[in-house]
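Trainee: I am new to this structure. Please take me through the empty spaces in it and the surface around them, with the lining residues named.

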Amino acid sequence: WEFNGSFHQPSAFLMLGIPGLEAFHPWISIPFCALYLTALLGNCMILFIIKKTQSLHEPMYYFLCMLAVTDLGLALCTLPTTLGLFWFNLRRIGFDACLTQMYFIHILSFIESSVLLAMAFDRFIAISRPLRHPSILTKATVTKIGLAILLRGMVSLLPIPFLLKRLTYCGKTELSHSFCFHPDIMNLACADIKVNVFYGMIILLSTVGMDFIFIVLSYILIIKTVISLATKEECLKALNTCVSHICAVLVFFIPMIGLSMIHRFGKNVPPLVNTLVAYTYLIIPPALNPLIYSIKSSHIREALLKALCRKSG
């Protein structure tokens with residue numbers, strides 16, 4: 001412990017793997033390795049294909065690049081501590097290192113939420129204003145949206161590490177996961193955490209919460225536009241362009257909302273449920289998103305096949 005008057009701050013926290021299954025961690029690491037490998041290779045493939053294929057240099061695929069970069073960041077944030085714990089039982093993480101990991105995990109989560117909103121806006125413009133779509137979402141506009149998303153995430157979460165550093169910690173230093181999460185660290189403090197709770201809720205509702213509401217509103221407007229189309233074939237064709245994005249939204253938001261509810265209201269939820277939801281939230285979306293877009297997007301499939309044919313030739 002570091003002691004400064006009445007202020008106590010732990011030198012490190014202890015991370016937790018999957019409760020009750022510690023003896024099986026080396027075996028459990030196998031599916032985790034597969035998920036991380038899928039996330040890293042899949043998102044790198046998406047970035048490579050879009051960069052090399054001129055026909056994919058459109059707003060929809062620029063936003064997909066942003067999503068792929070964010071997913072790569074999320075995977076790389078949790079990979080060292082998760083596999084370090086499963087393989088070598090490395091449970092200890094320094095206090096400052098934990099706050100740094102937490103900051104980047106939350107930033108990337110907020111960025112992913114914002115990118116999904118930008119993609120919903122892109123689909124709405126493409127369906128409702130197809131002729132004006134290229135003039136509305138130019139490269140410059142997409143770049144500005146990307147910078148705004150990054151800036152919003154960084155600025156809104158900047159106070160969080162400082163709010164945690166001002167707290168006094170005593171007693172338990174064991175985290176609930178193999179990575180650092182704001183509510184998890186906050187609940188280890190033996191000081192008044194009302195400011196942390198209030199600020200965390202305000203930021204979550206004003207960013208991720210608002211993003212989700214606007215995504216839903218975007219799809220309500222998309223459905224109204226699609227219904228007004230002349231033929232059934234046109235309706236299905238328009239909706240088919242949104243399927244990948246809808247899947248990505250569900251894969252990201254459902255576990256995120258579940259984890260937030262568990263940390264704030266689920267005091268009696270079994271630790272195993274909490275752990276599984278957390279891993280689902282941070283590891284499954286980065287692994288599934290490349291597969292979702294590769295399967296559902298014919299343009300990416302065709303570009304991938306062409307790239308594979310060139311290499312085999």
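Mentor: What follows goes through the pockets, then the cavities, then a nonpolar patch on the surface. The model is predicted, and residues are numbered from 1 along each chain.

Start with the largest pocket, which holds about 660 Å³ of space. Its lining is made up of 23 residues. Those that lie nearest the centre of this pocket are Met-60, Arg-123, Lys-237, Thr-241 and His-299. Several helices take part: α2 (59–88), α3 (95–128), α4 (133–136), α9 (232–240) and α12 (298–312) each give at least two residues to the lining. Of the elements in this lining, α9 gives the most, with four residues. By character, the lining of the largest pocket splits into nine nonpolar, eight polar and six charged residues.

The second largest pocket has about 400 Å³ of space. Here 17 residues form the lining, and Ser-176, Asp-184, Asn-187, His-263 and Asn-274 are the ones nearest the centre. Two or more residues of this lining come from each of α10 (243–265) and α11 (271–296). The largest share is that of α11, with three residues. Seven of the lining residues in the second largest pocket are nonpolar, six are polar and four are charged.

Now turn to the enclosed spaces. The count comes to three cavities of 30 Å³ or more. In the largest cavity there is about 190 Å³ of space. Its lining has 15 residues, with His-106, Phe-110, His-182, Leu-204 and Arg-264 nearest the centre. The elements that supply two or more residues to the lining of this cavity are α3, α7 (182–186), α8 and α10. The lining of the largest cavity consists of nine nonpolar residues, five polar ones and one charged.

The second largest cavity contains about 60 Å³ of space. The residues that line this cavity are Met-60, Met-119, Asp-122, Arg-123, Thr-241, Ser-244, His-245 and Tyr-293. Two or more of them come from each of α3 and α10. Helix α3 gives the most, with three residues. Sorted by character, the lining of the second largest cavity has three nonpolar, three polar and two charged residues. Three names should be familiar by now. Met-60, Arg-123 and Thr-241 line the second largest cavity, and they are also among the residues nearest the centre of the largest pocket.

Last comes the surface. A nonpolar patch there is formed by Met-210, Phe-212, Ile-213, Phe-214, Val-216, Leu-217, Ile-220, Ile-257, Met-261 and Phe-265. Together these residues have about 890 Å² of accessible area. Both α8 (194–227) and α10 supply at least two residues of the patch, and α8 gives the most, with seven. Take Phe-214 as an example from the patch. This residue lies in helix α8. Phe-214 counts as partly exposed because its relative accessible area is 40%, and partly exposed covers the range between under 20% for buried and over 50% for exposed.

Two helices link the patch to the spaces described above. α8 and α10 supply residues to the patch, and both are among the elements that line the largest cavity. α10 also contributes to the lining of the second largest pocket and to that of the second largest cavity.

Conventions. This is a predicted model: local features need pLDDT of at least 70, side-chain atom pairs count only at pLDDT 80 or more; totals for chains, interfaces and linings use all residues. Side-chain values use heavy atoms; hydrogens and water are left out. On a 1 Å grid over the protein atoms alone, a cavity is a set of points where a 1.4 Å probe fits but cannot get out, and a pocket is an open set with protein on both sides within 12 Å along at least five of seven lines; lining residues have an atom within 4 Å of a point. Grid points are joined across faces, edges and corners, and a volume is the space filled by probe spheres set on the points. Ala, Val, Leu, Ile, Met, Phe, Trp, Tyr, Cys and Pro count as nonpolar, Asp, Glu, Lys and Arg as charged, and the others, Gly among them, as polar. Patches are made of residues with over 30% relative accessible area and no salt bridge: like charges are joined within 9 Å, nonpolar side chains (Val, Leu, Ile, Met, Phe, Trp, Tyr) within 5 Å. Accessible areas come from the Shrake-Rupley method with a 1.4 Å probe; for residues, only the protein chains shown count as cover. A salt bridge is a side-chain nitrogen of Lys or Arg within 4 Å of a carboxyl oxygen of Asp or Glu. Buried means under 20% relative accessible area, exposed over 50%, partly exposed in between (1.4 Å probe, protein chains only).
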